[in-house]
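These are comments for a colleague who has the coordinates open, set out as numbered points. They move from core packing to strand pairing and then to individual side chains.

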Amino acid sequence: MASLKRKSLDPKQKVGNVVEAEDDLFVDAPMDDDSDDSDSEDYSEEDEELEAEMTDSEDEEEDDIDNNDNDDDEDVSESEAVEEKEDLKEDLKEEADGDDEEDDEIERKIKESKSPAPRRGKLSRFAQQLRRKQLKLKPATTLDNKTQSAPNDNEVTEESVISTTSKVVDEYEFDSSDEEDIRNTVGNIPMEWYDDYPHIGYDVTGKKIMRPPKRDELEEFLEKMDNPDYWRTVYDKMTGKDIVLKDEDVALIQRIQDGRYPETTFDPYEPYVDFFTHEKMIHPVTRRPEHKRSFIPSLLEKEKVSKMLHAFRMGWLKPRKEKKETDGMPKFYDIWSNEAHAEMTKRHHSHIAAPKEKLPGHEESYRPPPEYLPTEEEIKEWKEAHPEDRKMDFLPQSIECLRKLPAYRDFVRERFERCLDLYLCPRQRRMRVHVEPEDLLPKLPKPKDLQPFPTAQAVVYQGHGSYVRTISVDPTGQWFASGSDDKTVRFWEVSSGRCMKKIDVEGTVKCVAWCPNPAICLVAVSVDNKVHLVNPELGDKLVASDTDRLIEAYEEPEEVKTSALVEWTVPSEEEKEKGFRLCLTHFKATKQVVWHGKGDYFGTVVPDGGHSSVLIHQLSKRRSQTPFKKSKGLIQCIAFHPTRPYFFVATQRYVRVYNLLKQELTKKLLTNAKWISSIAIHPGGDNVLVSSYDCKLSWFDMDLSVRPYKTLRNHRQAIRHVCYHRRYPLFASSGDDGLVIVCHGQVYNDLLQNAQIVPVKILRGHQVTNSLGVLACEFHPTQPWLFSSGADSTIRLYT
């Protein structure tokens with residue numbers, strides 16, 4: 001046994017450390033059930049000899065330690081111990097003669113030299129406690145790694161023996177994804193089968209892979225204490241070698257133990273790709289057959305049957321008494337009999353008779369009349385047609401006599417289909433009403449089928465310094481005007497987004513209205529108690545000059561009917577250079593200006609005017625009039641009918657429709673709103689949109705009723721403005737929630753068919769400022785574009 005060199009310590013310190021080590025070793029060690037007496041009984045002579053040898057070796061080691069404190073003698077290595085064993089074998093063989101007893105003694109000595117002596121008693125307990133607890137040695141008992149001798153060139157190491165017996169094969173030379181480890185070619189078998197052999201398998205070349213020498217427990221313990229990589233060393237049963245795991249392998253094992261993904265490159269949070277759509281399709285995603293358990297009888301039913309059977313056996317449950325038949329014959333039920341004559345029993349409720357087969361006709365006779373026989377063209381057409389499209393399943397044939405009639409080849413198939421129909425057809429009347437949730441929802445078309453409509457923000461017009469309360473688009477669609485609280489009116493080019501002209505006014509601009517007549521270039525601007533008619537001089541110069549010529553050609557009549565409510569004045573030269581052409585001064589502040597479709601009349605709203613809140617002006621004759629003598633309420637807004645002489649006046653809760661020719665009230669629309677904000681007339685003239693500050697948008701069908709046909713509550717805040725498109729079936733609403741909601745509103749010429757209203761798009765972009773959102777919206781006259789102005793001092797174009 002190799003001697004171990006220990007560090008020199010003070011004798012007192014030695015004793016103390018040894019006592020501490022013994023205390024640490026035996027504190028938590030499990031005690032044997034046997035007492036000291038039993039230990040003494042089992043203590044054999046071999047144990048005494050082994051203990052004596054151990055004590056002698058310890059004394060020798062202590063002497064070596066005391067004598068070699070200042071010397072650097074080399075210790076006997078493990079390889080030298082192997083050489084000593086080999087010398088012992090040779091000496092024993094030389095001394096042996098031909099006797100069998102001596103040979104047996106020699107073999108016994110060789111076995112004793114190979115195998116360690118049996119350890120029992122205190123030594124076995126000490127080794128067992130070392131193996132179980134795996135304690136770390138104290139400084140007094142630690143080994144000096146520096147004292148281990150380096151292997152000599154002449155020594156035979158374990159690796160050299162293995163290398164000489166078998167050639168090491170590169171594991172990646174024959175590597176394949178579908179093959180096992182080929183360093184040992186025994187295959188996937190238990191390695192315990194080779195426990196009785198000196199080898200553990202065969203390599204690729206067919207040579208034996210010799211088993212490496214085993215280490216005893218003490219050597220294993222010393223290896224564990226000295227080797228810093230012992231914790232990452234794994235024993236390979238196939239090759240009998242110890243493999244030191246790399247840092248990557250250790251990190252992989254730690255990730256698996258922590259419940260994380262083994263691969264560091266794997267991303268568990270990749271963007272989700274929605275392969276399936278939320279819409280219900282015709283074909284299913286998978287056609288996988290039903291699982292086997294759907295055909296196996298239910299275990300719950302089996303349990304119920306077993307319980308009932310147990311109740312029958314115990315007498316708790318008694319079966320029904322069978323009724324004795326009078327004639328002794330079983331009773332049969334005619335399930336195909338007529339329903340009127342069927343007996344009504346408790347278990348057999350109103351049955352449904354099976355459908356009767358169609359009676360055979362003349363064409364099914366074996367000798368039909370000639371008019372029932374098909375021609376060659378009909379036969380060819382019958383053969384080329386699909387079986388489902390054929391009127392008959394057979395071709396009529398004429399046979400001379402009945403004995404030559406062949407058997408009908410489709411008889412078995414038709415009988416089978418008939419049996420299937422009778423078997424699979426439900427014969428039960430269900431009183432339950434099946435209502436699907438999809439049937440309760442209205443059938444609305446998809447938004448993509450209702451295009452075109454504005455979907456995205458295209459241009460943002462910036463320049464105003466305050467709320468943009470009103471916008472109006474030129475009839476040609478090339479320009480539009482906007483009025484703001486910053487006391488300016490701006491004229492913009494739609495395509496480029498440039499501000500072409502800016503006019504300063506003396507107050508807040510409440511309303512801007514472009515004349516709908518394309519032959520006149522005029523814009524009505526409502527500022528405080530004045531309404532200015534402005535010629536922006538944009539677009540065609542001939543139209544602008546004709547507009548000025550039309551205004552200047554006015555001749556004042558001899559008898560002038562002046563009104564105390566409105567005064568028509570001509571601006572000065574400086575104001576004309578800015579673009580002003582006429583000025584209408586009202587007796588109080590104005591709120592709204594609305595043009596008639598022909599461009600000669602326009603109306604204004606004076607909220608505080610009492611019975612003179614509505615005024616209608618004629619441009620060609622420069623005169624004004626009040627159409628109403630009495631006030632019906634606080635006027636909110638007015639509108640002209642696009643084609644008929646109707647005039648719409650909206651108060652806080654009602655919309656009144658007047659006939660200007662007959663000068664009478666024709667209809668009064670009940671809006672059910674608390675405060676109306678704006679109204680819009682459909683280009684067809686038979687439908688009206690009414691918005692209110694209580695988040696309601698009402699659609700009125702004039703031919704249907706005076707009450708709303710549909711009421712939409714799409715906005716969460718007050719609705720400020722609504723508008724119709726002149727060409728497309730679109731309408732839009734804007735509110736204080738900063739949203740512009742576009743809806744599809746299709747009106748049909750058929751009076752019996754109601755209008756189709758479908759919300760298609762919510763347009764965002766405006767920011768809510770001081771609890772105010774989008775104040776106005778207006779459609780482009782020809783394109784499906786939408787303009788909107790908001791409290792954030794911007795104008796946006798959605799295309």
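1. The largest nonpolar core, meaning a set of buried Ala, Val, Leu, Ile, Met, Phe, Trp, Tyr and Cys residues joined through side-chain atoms within 4.5 Å, has 19 residues, of which Leu522, Leu533, Leu584, Val593, Trp595 and Phe602 touch the most other members. At least two residues of this core come from each of strand 10 (509-514), strand 12 (530-534), strand 13 (566-569), strand 14 (580-586) and strand 15 (592-595). Here buried means under 20% relative accessible area, exposed over 50% and partly exposed in between, with a 1.4 Å probe and protein chains only, while strands are DSSP runs (E, at least two residues) numbered from the N terminus.

2. On the basis of the model: it is predicted, so that local features need pLDDT of at least 70 and side-chain atom pairs count only at pLDDT 80 or more, whereas totals for chains, interfaces and linings use all residues. Residues are numbered from 1 along each chain as its sequence is written, and side-chain values use heavy atoms, with hydrogens and water left out.

3. Valine 593, when residues up to four places away in sequence are not counted, touches Cys511, Ala513, Ala524, Ser526, Val531, Phe602, Gly603 and Thr604, contact being defined as heavy atoms within 4.5 Å.

4. An open sheet of 4 strands has the order 15-16-17-18 with antiparallel pairing, where two strands pair if DSSP finds at least two bridges between them. Its edges are strand 15 and strand 18 (623-625), each of which pairs on one side only, and the twist from one strand to the next averages 25°, with axes taken as lines fitted to C-alpha atoms and angles running from 0 to 180 degrees between N-to-C directions. Within this order, strand 16 (residues 601-605) and strand 17 (residues 614-618) run antiparallel and are joined by 5 bridges, and tyrosine 601 stands opposite glutamine 618 in strand 17.

5. Another open sheet of 4 strands, again with antiparallel pairing, has the order 27-28-29-30. Strand 27 (719-724) and strand 30 (756-763) each have a single partner strand, so one side of each is left without a neighbour in the sheet; neighbouring strands are turned by 20° against each other on average, direction ignored. Strand 29 (residues 740-746) pairs with strand 30 over 7 bridges in the antiparallel sense, and glutamine 746 stands opposite glutamine 756 in strand 30.

6. Strand 6 (residues 468-473) is largely enclosed by the rest of the structure, because 5 of its 6 residues are buried. It is joined by 5 bridges to the antiparallel strand 7 (residues 479-484), with threonine 470 opposite glycine 483. The two strands form a hairpin with 5 residues between them, and glycine 477 in the turn has a positive phi of about 85°.

7. Which side chain of opposite charge is nearest to arginine 656? It is glutamate 664, 14 Å away, and arginine 656 is buried yet has no salt bridge (a side-chain nitrogen of Lys or Arg within 4 Å of a carboxyl oxygen of Asp or Glu). Arginine 656 lies in strand 21, and beyond its neighbours within four places in sequence its contacts include Lys632, Lys667 and Lys668.

8. Tyrosine 658 is also found in strand 21 (residues 654-659) and counts as buried because its relative accessibility is 12%. Tyrosine 658 touches, among others more than four places away in sequence, Phe628, Pro645 and Glu664; its C-alpha is 8.4 Å from that of proline 645, 13 residues apart in sequence.

How values were computed: Lys and Arg count as positive and Asp and Glu as negative; His and the chain ends are not counted.
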